[in-house]
Amino acid sequence: MSASEWPLWEVFTQRRAGLPFEHAGSVHAPDKEMALQNARDVYSRRGEATCLWVVPADCIVSPTPEEAGSFFDPSNDKIYRHPNFYKTPGANFE
Amino acid sequence: MSELNKNIAEYALRIGDTSLILGQRLAEWCGHGPILEEDIALTNISLDLIGQSRAFLTYAGEKEGNGRSEDDLAFFREARTFKNRLMAEQPNGDYAQTMIRQLFLSVYQYYFYTELMKSKDETFAALAEKSLKEVTYHVRHSSEWTIRFGDGTEESHVRTLEAVDTL
Amino acid sequence: MKILSEEELELKFQERIDKGEIIEPKDWMPERYRKQLIRMMSQHAHSEIVGMLPEGNWITRAPSLRRKAVLLAKVQDEAGHGLYIYSGTETLGISRDQVMGDFLTGKAKYSSIFNYPTLTWADIGAIGWLVDGAAIVNQTALAKGSYGPYARAMVRICKEENFHHKQGYEILATLMKGSKEQREMAQDSINRFWWPSLMMFGPSDNNSPNSAELIKWKVKKYSNDELRQRFIDRTIPQAENIGLTVPDKDLKWDEETRHYSHGEINWVEFNNVINGRGICNKERMKARRDAHENGAWVREAANAYARKKASKTKAA
């Protein structure tokens, strides 16, 4: 980024109240008020949002691909966390 | 045509013309804005205004009763017969002039539509209610920029003062 | 952990690609893959931005308020599309300022189609129908590409672009139902935009330096000629439907291949336009440079205000 470039913000939109926020994309903006406006103007032109989050891109933390194995693979064999692991002869759980 | 309908048509035309001319001015920026995000933002305002003008011009045509459509009114009148606020047709100038013009007109429209919502004419009241939501955002957008220009750099400050003087 | 050599990493990378896995920004990738993506994505983004100009030319002169609003919304979408793709290139570690800089200094290219002038209102129809039609064929293929952020941008863009395509066709269909002059205007526009639209798919396969690599990495899933053929096959019936003809005397339906065969593209013209000698190259670049330069004080004012506010918050 050059010194004069506005910082990058990540934009999350909520399609309808009650639904989770989803990553919509990014915008550049000098500060949070402008980030919110730019997010609104870029990512809700077709009624895609009833609410918005904007987050400075450099505040988002995620594991590196090298860490991914140790982060996520250990949960793959815990099949007893899933309801279909259990035998419940005859009983109705619906 | 009754005197009342004639007056309503005339009034709707005035409102529609201001939105139309300002929307047209803002559309000139499309593709030439200072940064992509702002290009998109300004176009949103322009689209709101063109939408408003279409609704008011259509209503003017209805009340006039001569079968003139929004397009007849927008495209087939002499320039001298337009009834827009003169502020709306002022040239875009630099971005400060565009923003200050927007601030002045959006604030004007904000108070105007707030009052128009109380109109006994149901169409006016309904159009005003819809337009007010749009204009409220325009006020926000142009205010935020005015603050940044006024308290940004020396250059932006000077340009903004000049814009205020001009307008 | 075993440190893998460059060759081993590259092998593993290719394995992932072959399995149809999607590459995300932080994943290891060959430098060449990154470079090719930056080149391709930034060209694509610049094309969206330059593409605003020929159509923007008609916004203030659109023949009805409905058409004006539609065109304005469409050109605005192009700005959005440029923005989405620039955001994609930023995930590759290069800022929008940098890629924009390469564009404004003439180092980076953009689609040759936008160096043709829009002389009549029918050209707005032709651009929507042919140019956006070609773009959709291209982008639908790119949406299945191997780089996550690019593919995601394409999905979003394709959704938005469908209206662009249809509004263009509607303009031409309306003109073709009009007066003799209007029909001639529509046909004249197709005569000018047909070949440049075919050129949008890039050089033919035997002459496309980047294609093999991009296909190996599944950035591209189909060759230029395959996509061009797909475009022709779906467009000709649409033309016939409203009585337009394309200016290619060699065009005919081939019962055996079940495709249209077409005449030779004028590659000399293509290379001329790509290399800056098209009708509007200078005008387009000037417009973009002016916008960037005239906007510098605006961007800087916002920065200065943000800095002042941040230091005040700190002090308080």
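Here are some short exercises with worked solutions on this predicted model.

**Exercise 1. Find where Ser64(C) sits, decide whether this residue is buried or exposed, and look for a contact of its side chain.**

Step 1. Begin with the chain: Ser64(C) belongs to the loop that runs between helix H3 (52–56) and helix H4 (65–90) of chain C.
Step 2. Next, check the accessibility. The relative accessible area of Ser64(C) is 13%. Buried means under 20%, so Ser64(C) is buried.
Step 3. Now look around the side chain. A polar atom of the Ser64(C) side chain lies 3.1 Å from the backbone nitrogen of Arg67(C).

**Exercise 2. Stay with Arg67(C) and work out which residue it meets in a salt bridge, and which helices the pair links.**

Step 1. The side chain of Arg67(C) forms a salt bridge with the side chain of Glu170(C), at 2.6 Å from N to O.
Step 2. This pair links distant parts of the chain, with Arg67(C) in helix H4 of chain C and Glu170(C) in helix H7 (residues 148–176) of chain C, 103 residues apart.
Step 3. Compare the two partners with the cut-offs. Arg67(C) has a relative accessible area of 14%, so this residue is buried. Glu170(C), at 32% relative accessibility, counts as partly exposed.

**Exercise 3. Explain how Glu134(B) and Lys130(B) are placed along their helix, and classify each as buried or exposed.**

Step 1. The two side chains meet in a salt bridge, 3.1 Å from N to O.
Step 2. Glu134(B) and Lys130(B) are 4 residues apart in helix H6 (residues 122–150) of chain B, so about one helical turn separates them.
Step 3. Glu134(B) is at 15% relative accessibility and therefore counts as buried. Lys130(B) has a relative accessible area of 53%; exposed means over 50%, so Lys130(B) is exposed.

**Exercise 4. Say how many salt bridges the whole structure holds, then follow one pair and one network.**

Step 1. Over all chains, a search of the whole structure finds 45 salt bridges.
Step 2. For a pair, take Glu300(C) and Arg307(C): their closest N and O atoms are 2.9 Å apart. Glu300(C) is partly exposed, with a relative accessible area of 27%.
Step 3. For a network, turn to Asp31(A), Glu33(A), Glu144(B), Arg148(B) and Lys309(C), which are joined by salt bridges that share partners.

**Exercise 5. Pick out the residues of a positive and of a nonpolar surface patch, and place one member of each.**

Step 1. The positive patch consists of Lys144(C), Lys221(C), Arg230(C) and Arg234(C).
Step 2. Arg230(C) is found in helix H10 (residues 224–241) of chain C, and its 32% relative accessibility makes it partly exposed.
Step 3. The nonpolar patch is made by Ile79(A), Tyr80(A), Phe85(A) and Tyr86(A), which together have about 420 Å² of accessible area.
Step 4. Ile79(A) lies in the segment after helix H2 (65–72) of chain A. With a relative accessible area of 47%, Ile79(A) is partly exposed.

**Exercise 6. Locate Ile265(C), classify it as buried or exposed, and give its separation from Asp248(C).**

Step 1. Look in the loop between strand S2 (259–261) and helix H11 (267–277) of chain C, where Ile265(C) is placed.
Step 2. Its relative accessible area is 5%, so Ile265(C) is buried.
Step 3. Finally, Ile265(C) and Asp248(C) are 17 residues apart along the chain, and 9.8 Å separates their C-alpha atoms.

How values were computed
Residues are numbered from 1 along each chain as its sequence is written. Chains are lettered from A and ligands numbered from 1 in the order in which they are written. This is a predicted model: local features need pLDDT of at least 70, side-chain atom pairs count only at pLDDT 80 or more; totals for chains, interfaces and linings use all residues. Side-chain values use heavy atoms; hydrogens and water are left out. Patches are made of residues with over 30% relative accessible area and no salt bridge: like charges are joined within 9 Å, nonpolar side chains (Val, Leu, Ile, Met, Phe, Trp, Tyr) within 5 Å. Accessible areas come from the Shrake-Rupley method with a 1.4 Å probe; for residues, only the protein chains shown count as cover. A salt bridge is a side-chain nitrogen of Lys or Arg within 4 Å of a carboxyl oxygen of Asp or Glu. Lys and Arg count as positive and Asp and Glu as negative; His and the chain ends are not counted. The place of a charge is taken as NZ of Lys, CZ of Arg, CG of Asp or CD of Glu. Helices (H or I, at least four residues) and strands (E, at least two) are DSSP runs, numbered from the N terminus. Buried means under 20% relative accessible area, exposed over 50%, partly exposed in between (1.4 Å probe, protein chains only). A polar contact is a pair of N or O atoms within 3.5 Å; within protein, one must be able to donate a hydrogen and the other to accept it, and residues adjacent in sequence count only if both atoms are side-chain atoms.
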